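Visitor: I've never looked at this one before. Could you walk me through the words people use for it?

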Amino acid sequence: MSGDVSEEPKPRRRQARGERRIAQLLQAAARVFCAYGYTATSTNAIAREASVSPGTLYQYFPNKEAIAIELGERLLHEMREAHGQAFTPENLALPLPELLDVVVDPMIAFNCEHPVFLALMHGSEVPGRIAEEHDALHANLLASVQEVIGHYAPALSAAERARIAGMVFAIFKGGLGLVLAAPEGAERDATIAELKTVLLRYLSPLVETPATTPATTTPVTTTPTR
């Protein structure tokens, strides 16, 4: 019995080493997917990038698809957290320019920190499981944008809110590509500012006239007139 107790820490140490190795492999995979795309990437390329042998990689992942699924699920989890922090009832009470800051900034920061997200999610042969989870997240984001539009312009019909939300999302995605392509620093900051300006000018006409129907909180109905 005492022998069993003395050996308990070993599995935990092995588990910690395994987690570090998995993180190392996923970071390497992210760099390779960014450089070559999912389809052109091989497990050998990932192993070289991680400075390990292919045999070591196969101890943790049976194939490239398994690596992409693990990486994609971790990225989607972080994106959901960013989504949850951006679309809150408190943020809906903000004036439109400030709302754009608290919604757009976390989304841009996530994509700048994880450029592999777009490379992986938009690949032509991305694993189906990841594509389905990404589509579900996309649908949730669109629903959140529609909810925001409904708070600022409750007189709009559901079809109008859906059309405007789709346009907002398309503008953001197009601007995001320019943001990621811009050099870090002043140029990227200026590109982000331009993206917000485009969104603000598109959405401002919707909220310049006070709503005729009551909203859930006073700030939502009064701040658009500032």
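Guide: Let's go through some terms and see what stands behind each one. One thing up front: this is a predicted model.

Visitor: Fine. What makes up the fold, helices or strands?

Guide: The protein chain has 12 helices and 0 strands. Read along the sequence, the pattern is α-α-α-α-α-α-α-α-α-α-α-α.

Visitor: How much of the protein chain counts as buried?

Guide: Of its 226 residues, 38% do. As for contacts with a separation of 6 or more, 69% of them join residues 24 or more positions apart.

Visitor: Let's take one helix. How do you know that the span of helix 9 agrees with its number of residues?

Guide: Helix 9 covers residues 128-152, which is 25 residues. At 1.5 Å a residue it should span 36 Å, and its end C-alpha atoms are 36 Å apart, so the two agree.

Visitor: Which residues of helix 9 are buried?

Guide: The list is I130, H134, L137, L141, S144, V145, V148, I149, G150, H151 and Y152. Here's a handy bit of background: an α-helix has 3.6 residues a turn, so residues three or four places apart point the same way.

Visitor: And A153, why is that residue called buried?

Guide: Buried means under 20% relative accessible area. A153 has 10%, so the word fits. You'll find A153 in the loop between helix 9 and helix 10 (158-181). A153 is also 52 residues from P205 in sequence, while their C-alpha atoms are 9.7 Å apart in space.

Visitor: Now for helix pairs. Why are helix 10 and helix 11 called roughly antiparallel?

Guide: Their packing angle is about 170°, with the axes 9 Å apart. Angles over 145 degrees count as roughly antiparallel, and therefore helix 10 and helix 11 get that name. Helix 10 passes helix 11 in a right-handed crossing.

Visitor: What meets what between helix 10 and helix 11?

Guide: From helix 10 come I164, M167, V168, I171, F172, G175, L176, L178, V179 and L180. Facing them in helix 11 are R188, T191, I192, L195, V198, L199, Y202, L203 and L206. By class, that contact of helix 10 with helix 11 has 16 nonpolar, 2 polar and 1 charged residues.

Visitor: What makes helix 7 and helix 11 oblique?

Guide: Helix 7 (residues 96-113) and helix 11 (residues 186-207) have axes that come within 10 Å and cross at roughly 140°. The antiparallel label needs an angle over 145 degrees, and 65 to 115 is the perpendicular range. An angle of roughly 140° falls outside both, so helix 7 and helix 11 are oblique to each other. Helix 7 passes helix 11 in a right-handed crossing. On the helix 7 side, the contact includes L96, P97 and L100, and on the helix 11 side R188, I192 and L195 are among the residues. That contact of helix 7 with helix 11 divides into 12 nonpolar, 1 polar and 4 charged residues.

Visitor: One more pair: how do you know that helix 5 is roughly antiparallel to helix 7?

Guide: The axes of helix 5 (residues 64-86) and helix 7 come within 9 Å and cross at roughly 165°. With the cut-off at 145 degrees, that makes helix 5 roughly antiparallel to helix 7. Helix 5 passes helix 7 in a right-handed crossing.

Visitor: Which residues meet there, between helix 5 and helix 7?

Guide: L75, E78, M79, A82, H83 and A86 in helix 5 touch V102, V103, M107, F110 and N111 in helix 7. The contact of helix 5 with helix 7 has 8 nonpolar, 2 polar and 1 charged residues.

How values were computed: Residues numbered from 1 in each chain as written. Predicted model: local features only at pLDDT ≥ 70, side-chain atom pairs only at ≥ 80, totals over all residues. Heavy atoms only, no water. Helix = DSSP H or I, 4+ residues; strand = E, 2+ residues; numbered from the N terminus. Expected span 1.5 Å × (residues − 1). Buried < 20%, exposed > 50% of the residue type's maximum accessible area, 1.4 Å probe, protein only. Axes fitted to C-alpha atoms, helices over the stretch in contact; angles between N-to-C directions. Parallel < 35°, antiparallel > 145°, perpendicular 65-115°, else oblique. Left-handed = near helix turned anticlockwise from the far one by under 90°. Contact = heavy atoms within 4.5 Å. Nonpolar A, V, L, I, M, F, W, Y, C, P; charged D, E, K, R; others polar.
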